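Good morning, everyone, and thank you for making time for this. Please have the sequence and the structure open in front of you, and I will walk through a few places in turn.

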Amino acid sequence: MFVAVGGQVRRAFKFRFYPTEAQAAELSRTFGCVRKVYNLALQARSEAWTQRRERVGYEATSALLTAWKRTEELAFLAEVSAVPLQQALRHLQTGFTNFFAKRARFPRYKSRKKSRASAEYTRSAFRWRDGVLTLAKMAEPLDIRWSRPLPEGETPSTVTVSRDAAGRWFVSLLCEDPSVTPLPVTDAVVGIDVGLDHLLVLSTGEKIGNPRHERHDRERLIKAQRALCRKQKGSNNRDKARVKVARVHARIVDRRTDNLHKITTRLVRDNQTLVIEDLAVSNMVGNHRLARAINDAGWRQFRQQLEYKARWYGRDVVVVDRWFPSSKLCSACGTLATAMPLHVRTWTCGCGATHDRDVNAARNILAAGLAVSVCGAGVRPQRKPPGGLSATKQKTLRREP
Ligand SMILES: [Zn+2]
């Protein structure tokens, strides 16, 4: 996560921590209230919209919150820190803004079982003194395991506390990081595609595989899930088995994230322009193997990391339309092959060029991306959050052979 402010980069530093019993109880209560407020406000806003086509804004929900706290039924909302509740209303506001701008789906209710439990504290709701963090309504500071140092002398502006399904507690600190500065400009450019057997395939011909432990982790997950199925519903053993599944799953996600960070950092350091395809996983469900590979690789996460690191280091990410026929087009002569079934791994074009299917696709993606950059008449492609290029640029591309 990052926020760019006047050239300074703010980034989130996430650590594990171990709450005391009192802290765990206070936080659990706060998580519950955050979820309650979010869901109540969502309900109020949805009803206003579906029944009366009325937009209820943040201010109105904030006034509702004050009223709820005064009712007997919801008086418990006044017992936790008010800041995380206000932040929940702000997050909901962002959700609606994105929905109305057609960037996101309609906000969904938070469920106790499925949603990540979290609470966000802004500056007025925590104390920070020489690396010691104390949250509102708590006597003792959090016992944080500092796995890496925070930028020296920086005070976090926002603190987010969360608990995952495996029962692990995390605190994420949003800080300015003066060490992030643009890298020297380079001439190197790269096209990146999702391979069939590889995590990523580059236009340079390099193929980046899935991490070796991925398969082993997956087998452990299946084993844990089977064990869970055998346990009786509502039993203590079932709860234990559920935590076990969550732990294995959390480990898979952590390792995958680490791996992606290594790859995206390297790609962004080495290249000035990085071109990727705008993949929509839902369009690929027709091919389970492919959908699975993309899912596993966490394409969305990959793209997000690539985009924010590019912003940090002064690089450009260009996103080309997903309907671009990258596999069928000869990257040497531009002839379009009629069909390219998934089992075809290498093919020879009429012009005599023999292609590795994936590398050829990555080269086409690169060429398409560079064409878009040039269309901008020397103007760098705009760096945008997911959604990528403007619709016009994508349409222009679509019409090309
Ligand atoms: Zn050709």
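Let me begin with strand E13, residues 316-320, which is mostly covered, since 5 of its 5 residues are buried. This is a predicted model, so please keep that in mind for everything that follows. If you look at the two faces of E13 separately, you will find that both are covered: on one side sit Asp 316, Val 318 and Val 320, on the other sit Val 317 and Val 319, and all of them are buried. The partner to look at is strand E12, residues 273-277, which runs parallel to E13 and is joined to E13 by 5 bridges. To place the two strands against each other, find Leu 274, which stands opposite Val 317 in E13.

Now let us turn to a single residue, Leu 173, which you will find in strand E8, residues 169-176. Is Leu 173 buried or exposed? Its relative accessibility is 0%, and because buried means under 20%, Leu 173 counts as buried. Which residues does Leu 173 contact, if we leave aside its neighbours within four places in sequence? Among them are Arg 11, Ala 12, Phe 13 and Phe 15, and the list also includes Trp 128, Leu 133, Trp 146 and Leu 150, as well as Pro 156, Thr 158 and Val 159. As for distance, Val 161 is 12 residues from Leu 173 along the chain, and the C-alpha atoms of the two are separated by 8.9 Å.

Next, I would like to look at a pair of helices. The axes of helix H1, residues 21-52, and helix H2, residues 58-70, come within 10 Å and cross at roughly 125°. H1 and H2 are therefore oblique to each other, and their crossing is right-handed. Which residues meet there, between H1 and H2? From H1 come Val 37, Leu 40, Ala 41, Ala 44 and Arg 45, and these meet Tyr 58, Thr 61, Leu 64, Leu 65 and Trp 68 in H2. Sorted by character, the residues of this contact between H1 and H2 are 8 nonpolar, 1 polar and 1 charged.

Finally, let us step back to the whole chain, which has 9 helices and 15 strands. Of its 401 residues, 45% are buried. If we consider the contacts in the chain with a separation of 6 or more, 71% of them are between residues 24 or more positions apart.

Note on methods. Residues are numbered from 1 along each chain as its sequence is written. This is a predicted model: local features need pLDDT of at least 70, side-chain atom pairs count only at pLDDT 80 or more; totals for chains, interfaces and linings use all residues. Side-chain values use heavy atoms; hydrogens and water are left out. Axes are lines fitted to C-alpha atoms, for helices over the stretch in contact, and angles run from 0 to 180 degrees between N-to-C directions. Helices (H or I, at least four residues) and strands (E, at least two) are DSSP runs, numbered from the N terminus. Angles under 35 degrees count as roughly parallel, over 145 as roughly antiparallel, 65 to 115 as roughly perpendicular and the rest as oblique. A crossing is left-handed if the near helix is turned anticlockwise from the far one by less than a right angle, and right-handed if clockwise. Contact means heavy atoms within 4.5 Å. Ala, Val, Leu, Ile, Met, Phe, Trp, Tyr, Cys and Pro count as nonpolar, Asp, Glu, Lys and Arg as charged, and the others, Gly among them, as polar. Buried means under 20% relative accessible area, exposed over 50%, partly exposed in between (1.4 Å probe, protein chains only). Two strands pair if DSSP finds at least two bridges between them.
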